[in-house]
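I opened the model to keep a few notes on it. The entries below follow the order in which I looked things up.

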Amino acid sequence: MTFSLDQFRLDNKVALVTGAGGRGNSIGRAYALGLAAAGASVVVADLNQPGAAAVADEIRAAGGNAVSVVVDIADPASVRAMAATAATAFGGVDILVNNAGLMAELKSEQAVDVSLEEWNRIMNVNVTGALNCVQAVVPMMRQRGGGKIINQTSGGAFPAISIYGISKLALVGLTTTLARQLGRENINVNAIAPGNTTSDAGKQLTPDDSPFIQFLQANVAMRVRGAPDELVGALLLLCSTAGDWITGQVIHVDGGWVLRP
Ligand SMILES: NC(=O)c1ccc[n+]([C@@H]2O[C@H](COP(=O)([O-])OP(=O)(O)OC[C@H]3O[C@@H](n4cnc5c(N)ncnc54)[C@H](O)[C@@H]3O)[C@@H](O)[C@H]2O)c1
């Protein structure tokens, strides 16, 4: 088959993006708008109801299809209800973007000192939350003959130097394991590892004068910071038939922060 740019189109596809209703400028919002621009109907899912509704409104105002749904990804019943909303609104799900996560709201505690309660809170959202979404959505992908799963990891997992980083590294393990197990069912499972991204949450976590930004400035090959929109191209590759032969991979979109050993 000759390559066509149309392979990047997502017309007649349904995409579910978690964490897409963040306040203001968020990566999930950029993902949802990008998927809609490529033609997908989008399920905008978040703990934050007004934020999710606002992003769905933005998609519809631009002529796209979207519904919003409130979900706590750490709660399997809530995740099943989210999947049911997607089925009712659009008949199922072809693309799952596991983007929701705890990041800026986390304290940088040492692993040796962290309470089990805080450890479990982080893992329940960042790792188990993604698994809950996979378990709720994969049956619908099977019915539709395949699908695409994208897990949002982070440059902060390479290497993991925080509990957040540990949770994001666990998502890499989930990605490779699911890729092996679901590949023959035409379900691609990949991860995106953004670098320091100028979402509102990212800017709050690492202001310009933070030691982490200084560390990046000394090490990153290109620009240290990227905008949420600069992650969308990689997402569309992984979500579309243009990426049909890519699975089990982590795509680093970070200006050359994490380089191959
Ligand atoms: N900003 C960065 O520099 C950066 C870099 C690498 C990776 N990431 C990852 O990208 C993703 C988005 O980050 P962002 O910068 O847009 O931050 P953000 O805080 O704006 O986005 C996270 C979203 O997840 C939602 N969420 C949190 N817990 C939830 C739960 N239990 N159920 C449902 N939704 C929940 C929040 O309401 C929020 O809308 C996160 O997974 C983050 O770890 C961000």
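**Entry 1: T153 and its surroundings**

I began with a side chain: a polar atom of the side chain of T153 lies 2.9 Å from the backbone oxygen of K168. I note here that the model is predicted.

Where does T153 lie? I found T153 in the loop between β5 (147–152) and α6. Next I asked whether T153 is buried or exposed. T153 has a relative accessible area of 2%, and buried means under 20%, so T153 is buried.

I then listed what T153 touches, leaving out residues up to four places away in sequence. The list holds F158, K168, L171, V172, A191, I192, A193, P194 and V250. K168 is thus in the list of contacts as well as in the polar pair I started from.

**Entry 2: a cis bond in the loop**

I stayed with F158, one of the residues that T153 touches. The peptide bond from F158 to P159 is cis. I wrote down its omega as near -5°. P159 has its place in the loop between β5 and α6, and T153 lies in the loop between β5 and α6 too.

**Entry 3: the ligand**

I moved on to the ligand. Which residues come nearest to the ligand? There are 27 residues around the ligand, and I27, D46, N99, Y164 and S199 come nearest.

I looked up three contacts with backbone atoms. A polar backbone atom of I27 is 2.9 Å from an oxygen atom of the ligand. For N99, a backbone N or O atom lies 2.7 Å from an oxygen atom of the ligand. For V71, a polar backbone atom is 3.3 Å from a nitrogen atom of the ligand. I then checked how much of the ligand is covered: taken alone, the ligand exposes 820 Å², and the protein buries 94% of that.

I sorted the shell around the ligand by class and got 10 nonpolar, 14 polar and 3 charged residues. I also looked at elements that supply at least two residues each to this shell. Among them I noted α6 (163–182), β7 (196–197) and α7 (200–205).

**Entry 4: S78 and T85 in helix α3**

V71 led me to S78, since the contacts of S78 include V71. Not counting residues up to four places away in sequence, S78 touches V70, V71 and D72. S78 lies in helix α3 (residues 76–90). S78 has a relative accessibility of 17%, so I count S78 as buried.

T85 also lies in helix α3. T85 is partly exposed, with a relative accessible area of 27%. I took one distance from here: T85 and I122 are 26 Å apart in space, C-alpha to C-alpha. In sequence, T85 and I122 are 37 residues apart.

**Entry 5: aromatic rings**

How many aromatic pairs does the structure hold? I found 3 aromatic pairs. F3 and F8 form an aromatic pair with 6.2 Å from centre to centre and 80° between the planes. This pair is edge-to-face. F3 is exposed at a relative accessible area of 51%, whereas F8 is partly exposed at 29%.

Why do I call the pair of F212 and W257 edge-to-face? The planes of F212 and W257 are at 70°, and planes over 60 degrees apart count as edge-to-face, so the pair has that label. The ring centres of F212 and W257 are 5.7 Å apart. This pair links distant parts of the chain, 45 residues apart. F212 is in helix α8 (residues 211–219), and W257 is in the segment after β9 (250–253).

I checked both for exposure. F212 is partly exposed, with a relative accessible area of 28%. W257 has a relative accessibility of 16% and counts as buried. Ring pairs also bring in F215, and F212, F215 and W257 are linked into a cluster.

**Entry 6: positive phi values**

Last, I looked up two backbone angles. N12 has a phi near 70°, which is a positive value in a residue other than glycine. N12 lies in the segment before β1 (14–18), and at 75% relative accessibility N12 counts as exposed.

N186 is not a glycine either, and its phi is positive at about 60°. I found N186 in the loop between α6 and β6 (187–194).

Methods: Residues numbered from 1 in each chain as written. Heavy atoms only, no water. Near = heavy atom within 4 Å. Polar contact = N/O pair within 3.5 Å; in protein donor to acceptor, adjacent residues only side chain to side chain. Areas by Shrake-Rupley, 256 points an atom, 1.4 Å probe, with all protein chains shown as cover. Helix = DSSP H or I, 4+ residues; strand = E, 2+ residues; numbered from the N terminus. Nonpolar A, V, L, I, M, F, W, Y, C, P; charged D, E, K, R; others polar. Phe/Tyr/Trp six-rings, centres within 6.5 Å; stacked < 30°, edge-to-face > 60°. Buried < 20%, exposed > 50% of the residue type's maximum accessible area, 1.4 Å probe, protein only. Contact = heavy atoms within 4.5 Å.
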